[in-house]
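Please examine how charged side chains are arranged in the structure shown below. The account that follows moves from individual pairs to groups of charges.

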Amino acid sequence: MNNDLSSYFEDPEFKEALEKYEGMVKNHTPAYFDADELTDIAEYYASKGRQIEAEAAIDFALQLHPNDTDALIFRARSLAMKGRLDEAYMVMDLIEDRSDREVRFLKADLLMEEKRMEEADHVFEELAAYEEGKLETLIDIILAYIDANQEALAKKWIKHVGETYDLASLSQKNQKFRDLLCDFYITFNNPEAAIPLLQAILDCYPYSINHWNSLGKCYLSTNDYEEAHEAIDFALAIDDSNAEALTLKAFCYQQSGELQKSCDYYLRLAEQQENKTRAYLALAKTYFEMQDYTSSIYYIEALLDNKDALSKYELSELYGDIALCHAALKHIGVGQASIRRSLELNENDPDTLIVAGRFFLMEAKACNDETAKAENQAKGELYFRQALNLIMEDERLDYLFTIGAACFDTQNFKLAAQYYEQINREFPDNAPATYFFLAYCYFYLEEAISCMHYIAKMKHELPDAYSNLGTSDSILSDTRFNELMRNLKDSVNNGKVDLDNFL
């Protein structure tokens, strides 16, 4: 809920400077700008996701003012965001005034990026002492730790504030500190603590869009979609083009399974923004989830037409998604170039490898040629094995379930059963989560005894899941399977079948 620069960007003086700068760029005419003007223009472009233009503005700022502290800080932060920390440190070393407050924050941020938390905290301790424990400085230090997802250190500094100031009074009377507490609770998954604070703030400031959005986020975190919708609707009533509110509204519908309504709001978001990347990413994913693969391909291709706006990971994911879309539409072979590109960009990422495995299983299922079918099947299995070789031991269970689901979803029931059985062997405490899927797999593999074994285990260990078999609450709406389950349960109830014999 940190205040952004959006209100400043509406200032006539800033708008005049921006118009002058954009006229200079468009007409290739020289013009002079103060360093602050160019840094603000770079911040504006960055806030709009127009990173290339932001970098160009800072390049120009450093041409005119090579020693300007704010411009150098912007450049160093941009490099750090790209993971180029060595270059970020080199830029920071060019700054003459090392005692500048923002330079100290930059140094601490770079140290946190390297996970050198003790050194970063020492920088903050020196800064707090230098500024004699000013509340604003302490708040900014805590916010830096919140942004870095460092809960313990954020708590430490909140406690430090309490040693000098009255926390109860601050949380009631100091708006910046109340906002900080809300950020802290939201970031560290305690929305219940943030909600009453936000409600108190909104009693005083009922037209604060940021706070209505934050309240909506809290209700989303607690899965209270009705209250979330109401809070976000208040934000949209104040400004129906607010990007964060539109995003939250779309996400709220997505979480509650109303995917078409979610798309409607993402489309509204795209209409409002110059940079449509985030909205198009969400639309591509949501249409994919709806199995509207043609629409998903449309938005993925639109994104790939502007690759510079995307990270390497996002590009890899999009190439994987478009490959899966083509495979789902049975466009045999069309997605192979895309899956290769995905792997080239992110070859050592287990999630990328699993997407590749899923793709080749889908290709195998659609192939009529037996040789091609076997080759694709082998490739899919190979990528799954490679993914499992790259993960940490504590991730193994989740990845086995993910691979099992990929096999199950592509109706490769033999391979799915192998992975679910592997879960049973390696993680017996989690075995019950596989029983339904194993029963279903063995049903279609026509292995009746194994199928009955897992149905018996469901009846014995998961009575609620067993009672749902064959009903409208069944996990899958498979007519053939559900009819068998209803008939089987009738036979069990009538004493014709004793499932205990199959345990």
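In this predicted model, E114 and R116 form a salt bridge in which the closest N and O atoms are 2.7 Å apart. The general background is simple: side chains of opposite charge can pair when their charged atoms come close. Neither partner's accessibility falls in the buried class, because that class is reserved for values under 20%. E114 is partly exposed at 31% relative accessibility, and R116 is likewise partly exposed, with a relative accessible area of 32%.

A further pair joins two helices. R77 forms a salt bridge with D109, and here the closest N and O atoms lie 2.6 Å apart. R77 belongs to helix α4 (residues 69–81) and D109 to helix α6 (residues 101–113), so this salt bridge ties together parts that are 32 residues apart in sequence. R77 has a relative accessible area of 28% and is partly exposed; D109, with 22%, is also partly exposed.

The pair formed by E344 and R341 has another setting, within one helix. The closest N and O atoms of this salt bridge are 3.4 Å apart. Both residues lie in helix α20 (residues 336–345), where they are three residues apart, about one turn of the helix. Their accessibility classes can be stated from the computed values: E344 counts as exposed at 55% relative accessibility, whereas R341 counts as partly exposed at 33%. The distinction follows from the cut-off, because exposed means over 50% relative accessible area.

How many salt bridges does the structure hold? The total is 27, and the pairs described above, including R77 with D109, are among them. Salt bridges also link residues beyond simple pairs: R101, E102, E131, D140 and K176 are connected in a network of salt bridges.

Charged residues also occur in another arrangement, a surface patch. D351, E393, D394, E395 and D398 form a negative surface patch. These residues are not salt-bridge partners, because patches are made of residues with no salt bridge and over 30% relative accessible area. Where in the chain is E393 found? E393 is located in the loop between α22 (370–390) and α23 (396–409). With a relative accessible area of 61%, E393 is exposed, so this member of the patch satisfies the requirement of over 30%.

Key:
Residues numbered from 1 in each chain as written. Predicted model: local features only at pLDDT ≥ 70, side-chain atom pairs only at ≥ 80, totals over all residues. Heavy atoms only, no water. Patch = residues over 30% accessible without salt bridge, like charges linked within 9 Å, V, L, I, M, F, W, Y side chains within 5 Å. Areas by Shrake-Rupley, 256 points an atom, 1.4 Å probe, with all protein chains shown as cover. Salt bridge = Lys/Arg side-chain N within 4 Å of Asp/Glu carboxyl O. Lys, Arg positive; Asp, Glu negative; His and termini not counted. Charge placed at Lys NZ, Arg CZ, Asp CG, Glu CD. Helix = DSSP H or I, 4+ residues; strand = E, 2+ residues; numbered from the N terminus. Buried < 20%, exposed > 50% of the residue type's maximum accessible area, 1.4 Å probe, protein only.
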